Amino acid sequence: MLTGILVRVNTTRVAKTVASILIAGAAACIGTAPAAAVPVSSAPGTAGLTPALASAYTSAWTEAKREGVQLSITSGKRSWAQQQQMWRDGVAQYGSASAARRWVLPPNESTHVSGRAIDVGPRTGAAWLETTGRRWGLCRTFDNEWWHFELVTIPGLPCPPRLPALDEMSVGPDRVGGMTLTAAMITVDTTDPLPLARWWAQQTGGEILAENEGWFVTVKISDAGPLLAFQKTADPTPGKNRIHLDFVADERAAAIEGLLAAGATHVADHDMPGFAWTVLADPDGNQFCVAQHG
Ligand SMILES: [Zn+2]
């Protein structure tokens with residue numbers, strides 16, 4: 001089975017192109033309402049968090065349990081009144097609003113109040129999450145708070161640089177230095193969406209979420225990552241795509257053998273010190289890569 005999706009874009013202007021892909025992805029959603037990938041049962045402490053953060057943390061918490069790592073939320077969603085009380089206590093404790101800002105924010109600025117931050121413990125669990133959290137888009141965001149995590153990167157991509165401390169950010173009620181865009185879906189143009197969507201659902205162990213009469217088919221391929229979507233167009237796939245999916249597999253050779261048997265085409269093998277991958281094409285000619293996990 002394929003896991004660990006990463007989208008790679010061939011370009012010299014990475015940041016700008018990623019932004020335009022996300023915007024293009026949003027534009028492709030017009031007219032459809034794909035079902036959100038909500039986990040069956042959420043981890044303790046996730047009530048009131050945004051669905052994206054609750055889902056990402058639940059995936060991380062499940063993996064932590066599997067690896068025998070202790071991890072729990074010590075503070076998640078806070079009410080306005082709770083944060084107001086914390087802010088008042090902070091000002092009293094540190095002597096002034098400007099001194100208190102290093103450790104606590106007023107309710108209109110706290111990402112805990114908007115359900116977009118979690119504090120975790122114990123310290124060993126937080127350290128584990130700091131190392132592995134980016135798999136689900138979770139990052140430690142402040143130098144002075146080892147416990148505070150937010151959803152600030154695309155699952156699998158590196159975390160943005162940490163901010164020195166709460167008081168040194170330029171803060172606002174909406175968002176504090178980080179991403180405001182979340183990758184929801186990667187959409188592929190094709191002349192025949194349904195068979196291609198079924199093929200990808202099968203290869204990834206995923207499931208088709210919505211068919212929309214065959215013109216826009218969505219596939220859930222992982223619990224935390226973006227959906228795949230297949231959108232009907234009149235033009236056949238013209239040649240090498242300018243965006244591709246990178247997968248990792250625990251048993252790479254076996255995964256590739258299975259994909260070839262299922263109708264994928266072999267394009268190339270690449271090998272460099274410490275990293276080897278195979279380029280394949282799906283039945284429509286869309287190229288993607290499979291590398292060894294870990
Ligand atoms: Zn926090």
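This passage walks through a predicted model of a protein, from its overall make-up to its two sheets and their cores.

The protein has 294 residues, of which 32% count as buried. Its chain forms 7 helices and 13 strands. Among contacts between residues at least 6 apart in sequence, 59% join residues at least 24 apart. Confidence comes next: the average pLDDT is 80, and 79% of the residues score at least 70. Over residues 11-39 the pLDDT is below 50, and this stretch has 35 contacts in the model beyond near neighbours in sequence. Residues 168-180 also stay under 50, with 18 contacts beyond four places in sequence. Where pLDDT is low, the predicted coordinates should not be read in detail.

A good place to begin is the open sheet of 4 strands in the order S2-S3-S5-S4, whose pairing is antiparallel. Its edge strands are S2 (72-75) and S4, each of which pairs on one side only. From one strand to the next the twist averages 50 degrees. Strands S2 and S3 run antiparallel and are joined by 3 bridges, with serine 75 opposite aspartate 119 in S3. Helix H5 packs on this sheet and touches S2, S3, S4 and S5, its direction making about 120 degrees with that of S3. Further across the sheet, S3 pairs with S5 in the antiparallel sense over 2 bridges. Here aspartate 119 reappears, standing opposite histidine 148 in S5. Strands S4 and S5 pair in the antiparallel sense over 4 bridges, and cysteine 139 stands opposite glutamate 150 in S5. The hairpin that joins S4 to S5 does so through 2 residues.

The passage from S3 to H5 holds a detail worth pausing on. Proline 122 lies in the loop between strand S3 (118-121) and helix H5 (123-132). The peptide bond that joins glycine 121 to proline 122 is cis, with omega at about -10 degrees. For context, most peptide bonds are trans.

Helix H2 (residues 51-66) ties much of this region together. Its 16 residues should span 22 Å at 1.5 Å a residue, and the end C-alpha atoms are indeed 22 Å apart, so the expected and modelled values agree. Many of its residues are buried, among them Leu53, Ala56, Tyr57, Ala60, Trp61 and Ala64. The buried residues of H2 pack against S3, H5, strand S4 (138-142) and strand S5 (145-151). Just after the helix, glycine 68 takes a positive phi of about 75 degrees.

Which residues have the most contacts inside the largest nonpolar core? They are Ala56, Tyr57, Ala60, Ile118 and Leu138, in a core of 23 residues. The elements that give two or more residues to this core are H2, S3, H5, S4 and S5. Of these, H2 gives the most, with 7 residues. Alanine 56 shows how such contacts reach along the chain: leaving aside residues up to four places away in sequence, alanine 56 touches Trp136, Gly137, Leu138, Leu151 and Ala224. Apart from this core lies another, of 13 residues, among them Ile186, Leu196, Trp200 and Leu227. In soluble globular proteins, nonpolar side chains tend to be buried together.

Another open sheet has 4 strands in the order S6-S9-S8-S7, with mixed pairing. Strand S6 (185-190) and strand S7 (207-210) stand at the edges with a single partner strand each, so one side of each is left without a neighbour in the sheet. The twist here averages 30 degrees from one strand to the next. Strand S7 pairs with strand S8 (residues 216-220) in the antiparallel sense over 3 bridges, and glutamate 207 stands opposite lysine 220 in S8. Helix H6 (residues 193-204) packs on the sheet, touching S6, S7, S8 and strand S9 (227-232). The direction of H6 makes about 5 degrees with that of S8.

Is isoleucine 186, in strand S6, buried or exposed? Isoleucine 186 has 20 other C-beta atoms within 10 Å; since 20 or more such atoms make a residue buried, isoleucine 186 counts as buried. Isoleucine 186 and leucine 245 are 59 residues apart in sequence, and their C-alpha atoms are 9.1 Å apart in space.

Notes
Residues numbered from 1 in each chain as written. pLDDT = per-residue confidence, 0-100. Contact = placed C-beta atoms within 7 Å. Pairing = 2+ DSSP bridges. Axes fitted to C-alpha atoms, helices over the stretch in contact; angles between N-to-C directions. Buried ≥ 20, exposed ≤ 12 C-beta atoms within 10 Å, placed from the backbone. Expected span 1.5 Å × (residues − 1). Core = buried A, V, L, I, M, F, W, Y, C linked by C-beta atoms within 7 Å.
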